[in-house]
Amino acid sequence: MAKKENEVDSNLEDMIEDREHKLNIPDVLPVLMLRDIVVFPYMVVPLFVGREKSKNAIDHSLSSHRMILLLTQKDMEVEDPKTEDVYEYGTVALVMRMLKLPDGRVRILAQGLVRAKLKELYEDKPYFSAKVNVQHEPEEETKSIELEAMLRNVRDGLDQASTLGKNIPPEVMIIAANVEESGRLADLTAANLELKVEDAQSLLEVIDPFQRLKKVFEHLTKELELLAVQSKISSEAKGEMDKLQRQYFLRQQMKAIQKELGEGTEIQEEINTYQEQLKKLKLAVEVREELEKQISRLSQMHPESAETAVVRNYLDWMFALPWNKTTVDNLDLKKAKQILDEDHYGLDKVKERIIEYLGVRKLSRKIKGPILCFVGPPGVGKTSLGRSIARALGRKFYRMSLGGVRDEAEIRGHRRTYVGAMPGRIIQGIRRCGSNNPVFMMDEVDKIGADFRGDPSSALLEVLDPEQNFSFRDHYLGVPYDLSKAMFITTANLLDPIQPAFKDRMEILQLPGYTEEEKLQIAVRHLVPKQIQENALNDDLISIANGAIQKIISLYTREAGVRNLEREIAAVCRKVARKVAEGKTTKTRITAQSIEKYLGPAKIFRDQLLKKDQVGVATGVAWTAAGGEILFVEATKVKGKGLLSLTGSLGDVMKESGQAALTYARARAQELGIDSRIFSQNDIHIHVPEGAIPKDGPSAGVTMAVSLVSVFTNRMVKRDVAMSGEITLRGHVLPVGGIKEKVLAAQRAGVKKMILPSATKKDLIDIPKKVLKDMEFIFVEEITEVFEHALLPVAPAKTKTTSHK
């Protein structure tokens, strides 16, 4: 068997030796697709084959002439390549060895013979086969001087690459030194340069030997430059290491000399600095003792130990804190009021509270900082108001977002036993401000999380309690720090997610949102000038009329705040800026009539009242995060068995309001003039339009009662009357919330008369005077009073017709 193998190997070597003269390469060859390699003639390469078609191609090759065409894929990820997925040129190779591996793959040893061009690829067999056109290299004539020089350059380049660390086998270097054919040297060099597939393929496709050798020399030159830079970087790094080691030894010698002379060390200088700083600080006894203890520990430690770095870091933090640094408050109440008015329009309650604090602060230096909580929908100016308060007080401002915070260590810090321990964000903020009385804003306290690492909101109880925060103890510091001089302001969109104990420690100030008039003033005073400046415009290039702003507010935005309003104004300014950039120099005037040209058709449809009075349709009002809206409650009856249907994405509370309204109507049917047979002979359906929007709450109770009684008595509901209130089974009307938002929504829609529970009369103090003047308010305690004001009397059809005439 061994003898037979040796004979085969000998035959193969003879075939390879004079391949282009003696080998008879068939026109059609089996094809082996390669993913990430290009095989050159004269190149011996091991290949691992896994695809079934490729295995079949190898089997066919071994059973016939042992020749196979090696084609490289353009995309290595393609599993079943077609003609367009492979390069046009490949290499005819001889399969020298084959070994079947245990995992099902096949390992072959192949040697390239000659270039070949693909004429046609066949896929009709168990393997790929191709019709090829063998590309013989042109015979070289007498060697020119240029060719001889190029051969020498390539050989020298290979020697340099090997010297610079390129991994080139010694046998390759020997062959390169002795080979005389330019094409063979080019292929040999290209095979050992580790080129990208695209670059290697481009070399394979060059048939002319001299041109190919020139291209190979270009790639070899680039490789030599890369190797030279790599070698330089390595030598510099080694030199740097040698330099550091030399410095280390010198330092050690200096320390030994200083020790012999009895002179101080670097760490002693640091200790002296810490002691000088400690003398200048006025600290509590506990804090001073802790600092003295840590300085003493540092003096006894080895300078290079890990614990020394921990103690140094701790002392740096302690001495960086503003223990005695306090900014001077601006106690000029008029100036503070002026600053607050400059930055924000409206928000009178909040401004009044800040001025009150300043007034007391002016009279008494011992007052503790208030802990305020601004609650309101997004975009109403909660965060910017905190910054404005800091400016009015003349204090530093620090903002910390608590949205998504889950780790208690974010508030109280890590204990120093942990690697990389740091103080909590409260102490970090105090250090960054550089004073112990900043305005400290904590954003999004309603979005604090909690998990196995602790509950941050519980940790904040100590921070936000005026009776406790004078001795706040951070885990990292380990000593009390006085936070009572700081003014803490928190913000939230909703109160419900906040823990009751946490909520109890804060003074809640509601920022419900702006009216359209307030938004107009904010836009004129703040947003429009800001956007004109940010878009590199000026008053000579653009003017925006109040009517245009009013139209943006009502038809392009629906929000409690002004963020979207600012975005729409910015969009207008950008379009004008583009015109200016294109060469327009005249002033652009934005009016209510031209605004649609800049922002497109209206995005919001304003709430509108019904065009005429109808039976079974009552107008209600609802509170939303964006302010308020009117909604219609429709009721009707159909033949049935007395079932009640409630539709329109209603919540449980709202459905119960509908059931309560129906029960009241059935219980008082005789008083209300309702035929009691209606309830047993008809099904009742209550629907609230805009069914895709979830709705809930008790305030639609009176509206549902009015629509039901209207259907049962056939009395029309007045279209310009809106109502809100909770109904009981006894017919009482209970108070509800969100009165300001509901009244403003009704006024925007054109409501002239509004029915509200008597207990909400006090809430009208927050309503703008203009709105109070334009609308009539009726306060009721019983549902029967609502029926009197909301329902029209039944009129005979004949009389009604005559009156129309």
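Exposed means a relative accessible area over 50%, buried means under 20%, and partly exposed lies in between. By that scale K762 is exposed, because its relative accessibility is 60%. D763 has a relative accessible area of 22%, so D763 is partly exposed. The two residues form a salt bridge, with 3.3 Å between the closest N and O atoms. Elsewhere, R115, E137, D187 and R212 are joined into one network by salt bridges that share partners. The model in which these values were computed is a predicted one.

Now the whole chain. It has 805 residues, and 46% of them count as buried. Its secondary structure comprises 30 helices and 26 strands. The radius of gyration is 44 Å, whereas a compact globule of 805 residues would have one near 28 Å. Along the principal axes, the C-alpha trace spans about 120 × 100 × 65 Å. The exposed surface of the chain is about 42,500 Å², and carbon and sulfur atoms supply 51% of that area. Contacts reach far along the sequence. Among those with a separation of 6 or more, 73% are between residues 24 or more positions apart.

Salt bridges come next. The whole structure holds 35 of them. One pairs K351 with D341, the closest N and O atoms lying 2.9 Å apart. This pair links distant parts of the chain: K351 sits in helix α13 (residues 348-363) and D341 in helix α12 (residues 333-343), 10 residues apart. How buried or exposed are the two partners, K351 and D341? K351 has a relative accessible area of 4%, so K351 is buried. D341 is partly exposed, because its relative accessibility is 32%.

A second bridge pairs E462 with R412, with closest N and O atoms 3.5 Å apart. Again the pair links distant parts of the chain, with E462 in helix α17 (residues 456-463), R412 in helix α15 (residues 409-412), and their positions 50 residues apart. E462 counts as buried because its relative accessible area is 16%. R412 is buried too, at 18%.

Move to helix α16, residues 425-433. Its buried residues are I426, I427, Q428, G429, I430 and C433. G434 follows the helix and has a positive phi, near 80°. C433 counts as buried because its relative accessibility is 7%. Where does a cysteine like this stand with respect to disulfides? A disulfide is a covalent bond between the sulfur atoms of two cysteines. The structure holds zero disulfides. C433 is therefore in none, its nearest cysteine sulfur being that of C373, 20 Å away. C573 is another buried cysteine, because its relative accessibility is 0%.

Past α16, the loop that leads to β9 contains N437. N437 counts as buried because its relative accessibility is 2%. What does the N437 side chain make a polar contact with? The partner is the side chain of T327, at 3.0 Å. Leaving aside neighbours within four places in sequence, N437 is in contact with T326, T327, D329, R395, K485 and A486.

The loop ends at strand β9, residues 439-443, which holds D443. D443 has a relative accessible area of 2%, so D443 is buried. The side chain of D443 makes a polar contact with the side chain of R399, at 2.6 Å. Beyond neighbours within four places in sequence, D443 is in contact with T383, R399, M400, S401, L402, G403 and T491.

Two loop residues close the tour. Most residues other than glycine have a negative phi. R66 is not a glycine, yet R66 has a positive phi of about 65°. R66 lies in the loop between α3 (52-63) and β3 (67-72). N714 is not a glycine either, and its phi is positive, about 60°. Which elements flank N714? The loop that holds N714 runs between α26 (701-713) and β21 (716-717). N714 counts as exposed because its relative accessibility is 54%.

Terms used. Residues are numbered from 1 along each chain as its sequence is written. This is a predicted model: local features need pLDDT of at least 70, side-chain atom pairs count only at pLDDT 80 or more; totals for chains, interfaces and linings use all residues. Side-chain values use heavy atoms; hydrogens and water are left out. Buried means under 20% relative accessible area, exposed over 50%, partly exposed in between (1.4 Å probe, protein chains only). Helices (H or I, at least four residues) and strands (E, at least two) are DSSP runs, numbered from the N terminus. A polar contact is a pair of N or O atoms within 3.5 Å; within protein, one must be able to donate a hydrogen and the other to accept it, and residues adjacent in sequence count only if both atoms are side-chain atoms. Contact means heavy atoms within 4.5 Å. A disulfide is a pair of cysteine sulfur atoms within 2.5 Å. The radius of gyration is taken over C-alpha atoms; the globule rule is 2.2 Å times the number of residues to the power 0.38. Accessible areas come from the Shrake-Rupley method with a 1.4 Å probe; for residues, only the protein chains shown count as cover. A salt bridge is a side-chain nitrogen of Lys or Arg within 4 Å of a carboxyl oxygen of Asp or Glu.
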